[in-house]
Number of protein chains: 2
Amino acid sequence: MTKAKLNRDALLAAMAGHVLAHGLNTASLRPLAKAAGTSDRMLIYHFGTKDKLVSELLQFLAAGLAERLTTALPQEKAPTVEACVSEIVTLVRTPDFAGYFRVWHDIVASSAQGQPVHAAAGNAIIDGFLAWLESRLPDDQPDRRRTAAAMLTFIEGTVVMDAVDSGAIADDGLAWLFDKQRM
Amino acid sequence: MTKAKLNRDALLAAMAGHVLAHGLNTASLRPLAKAAGTSDRMLIYHFGTKDKLVSELLQFLAAGLAERLTTALPQEKAPTVEACVSEIVTLVRTPDFAGYFRVWHDIVASSAQGQPVHAAAGNAIIDGFLAWLESRLPDDQPDRRRTAAAMLTFIEGTVVMDAVDSGAIADDGLAWLFDKQRM
DNA sequence: AGCAGAATGTAGCGAGTGCTACAAGCGACA
DNA sequence: TGTCGCTTGTAGCACTCGCTACATTCTGCT
């Protein structure tokens, strides 16, 4: 059992790499297996079903994203909300995170189509992101939770705009918010 | 040729209905054909390739969305930015628009994977949405373009949050912005 | 050593994918 | 009426999909 667990984790790590590079919704068993150095036969053997595999893979990826965020920006407090938002937007546009956000868009699309596994994963990722954002806000910031909620919503919008090559519009929006000292 | 053109438009309308109900990225030729009362054979005959078909379908859907937006909220000026954003968020959450936004998430996901057809369509949709938003801003609003950019980015974020059942967080963010008279 | 159970390879099933070859029907026009 | 080109049906190709049946190897325990 322990052996199998280790094996599964190794498989998940390898498959996560493949998904980060090539997308989630277009990933089928045989390429995933190849990336993990095994066969579709064995993936079904270990995970039972593709749905279960995807579910575990999503948890694995969510954990990886959370870890990357916290290591990239440890729990120091940002001086202002403005600084907090802008440093996160910059971070999120780093090539290191591109793969994660490609997967994120796949999760959102599947959730919108009513896939419960993806919706649950998306929800969990959002909650984690929100808590992390809140922890980075300045100590004296009032209404921390809702401030973080506004930041998160804006960041999500920015990520979407980036995906359709309209990042400049998000930049304009961000600049407008900051110009007016609205955040 | 004219006959063929009419035929194509009818096909596009029928296929658009199917896509709005069942999603874009999972749509294959045979179900699309069935929805349009024809065969995969004929779809390829009329459009040449699935890619071209999708491209035309996206244009058709974008036009439909734009029309729905303008008929739902004609070009009256909103009294305040706050009112403008909140009426649009309400509108966008109407069941009538659910199908369009499911397709929108598919477009975003495909764009993020590097599909140029989808990226182009997404870009066009964003530009149209932005122009429409700008036209609805109060006349005395300064910095109209960037104001609209900020609104659009926030609305996109809200739509994403809705997709993963986290709409309440977007509501919190919106409330925070309005509380502080930031917009 | 022998045996049970876990792990793995080979081959394939039935369904679905985009797309095509071939032929027949259809209309308009000579 | 005959013919030509646009339109359509039938059948199928080569491929991928998730998944399974069957057989074999490997591993750990007694």
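B:Asp165 sits in the loop between H8 and helix H9 (167–179) of chain B, where helices are DSSP runs of H or I with at least four residues, strands are runs of E with at least two, and both are numbered from the N terminus. This is a predicted model, in which local features need pLDDT of at least 70, side-chain atom pairs count only at pLDDT 80 or more, and totals for chains, interfaces and linings use all residues. Residues are numbered from 1 along each chain as its sequence is written, while chains are lettered from A and ligands numbered from 1 in the order in which they are written.

**Two loop aspartates in chain B**

What is the phi of B:Asp165? The value is near 60°, positive in a residue other than glycine. Most residues other than glycine have a negative phi. B:Asp143, in the loop between helix H7 (116–136) and helix H8 (144–163) of chain B, also has a positive phi, of about 60°.

Both residues can be placed on a burial scale: a residue is buried if 20 or more other C-beta atoms (placed from the backbone) lie within 10 Å of its own, exposed if 12 or fewer, and partly exposed in between. B:Asp165 has 15 other C-beta atoms within 10 Å and is therefore partly exposed. B:Asp143 counts as partly exposed because it has 15 C-beta neighbours inside 10 Å.

**Positive phi values after H6 and in the loops**

Here are the positive phi values, with their places in the chains.

| Residue | Place | Phi |
|---|---|---|
| A:Gly114 | just after H6(A) | about 95° |
| B:Gly114 | just after H6(B) | about 95° |
| B:Asp143 | loop between H7 and H8 of chain B | about 60° |
| B:Asp165 | loop between H8 and H9 of chain B | near 60° |

**The fold of chain A**

Stepping back to the whole chain, chain A has nine helices and zero strands, giving the pattern α-α-α-α-α-α-α-α-α along the sequence. Its C-alpha trace spans about 60 × 35 × 30 Å along the principal axes. Of the 183 residues in chain A, 42% are buried. Two residues are in contact if their C-beta atoms, placed from the backbone, lie within 7 Å. Among the contacts in chain A with a separation of 6 or more, 56% join residues 24 or more positions apart.

**Helix H6**

H6(A) has 18 residues, and 26 Å separates its first C-alpha from its last, close to the 26 Å expected at 1.5 Å a residue. That expected span is 1.5 Å times one less than the number of residues. Many of the residue names along H6(A) belong to its buried set, which includes A:Gly99, A:Arg102, A:Trp104, A:His105 and A:Asp106. In H6(B), the buried residues include B:Val103, B:Ile107, B:Val108 and B:Ala112.

**H4 against H7**

The axes of helix H4 (residues 50–72) of chain A and H7(A) come within 10 Å and cross at roughly 10°. Axes here are lines fitted to C-alpha atoms, for helices over the stretch in contact, and angles run from 0 to 180 degrees between N-to-C directions. H4(A) and H7(A) are therefore roughly parallel, a label for angles under 35 degrees, with over 145 roughly antiparallel, 65 to 115 roughly perpendicular and the rest oblique.

Residues of H4(A) that meet H7(A) include A:Val54, A:Leu58, A:Leu65 and A:Leu69, and their partners in H7(A) include A:Ala121, A:Ile125 and A:Trp132. By class, this contact has eleven nonpolar, three polar and one charged residues. In this scheme Ala, Val, Leu, Ile, Met, Phe, Trp, Tyr, Cys and Pro are nonpolar, Asp, Glu, Lys and Arg are charged, and the others, Gly among them, are polar.

Which residues does A:Trp132 touch, leaving aside its neighbours within four places in sequence? They are A:Leu69 and A:Thr70. With 17 C-beta neighbours inside 10 Å, A:Trp132 counts as partly exposed.

**Where the chains meet**

Between the chains, 43 residues of chain A are in contact with 43 residues of chain B. Helices H6, H7, H8 and H9 of chain A each give two or more residues to this side, and H8(A) supplies the largest share, 14 residues. The side divides into 21 nonpolar, 13 polar and nine charged residues.Because 100% of the interface residues of chain A are also interface residues in chain B, the copies meet through the same surface.

Chain A can be laid on chain B with an RMSD of 0.0 Å by a turn of 180° and a shift of 0.0 Å along the axis, with copies superposed by least squares on the C-alpha atoms of residues with pLDDT of at least 70 in both. The two copies are thus related as by a two-fold rotation axis. In chain A, the C-alpha nearest that axis belongs to A:Gly157, 1.9 Å away.
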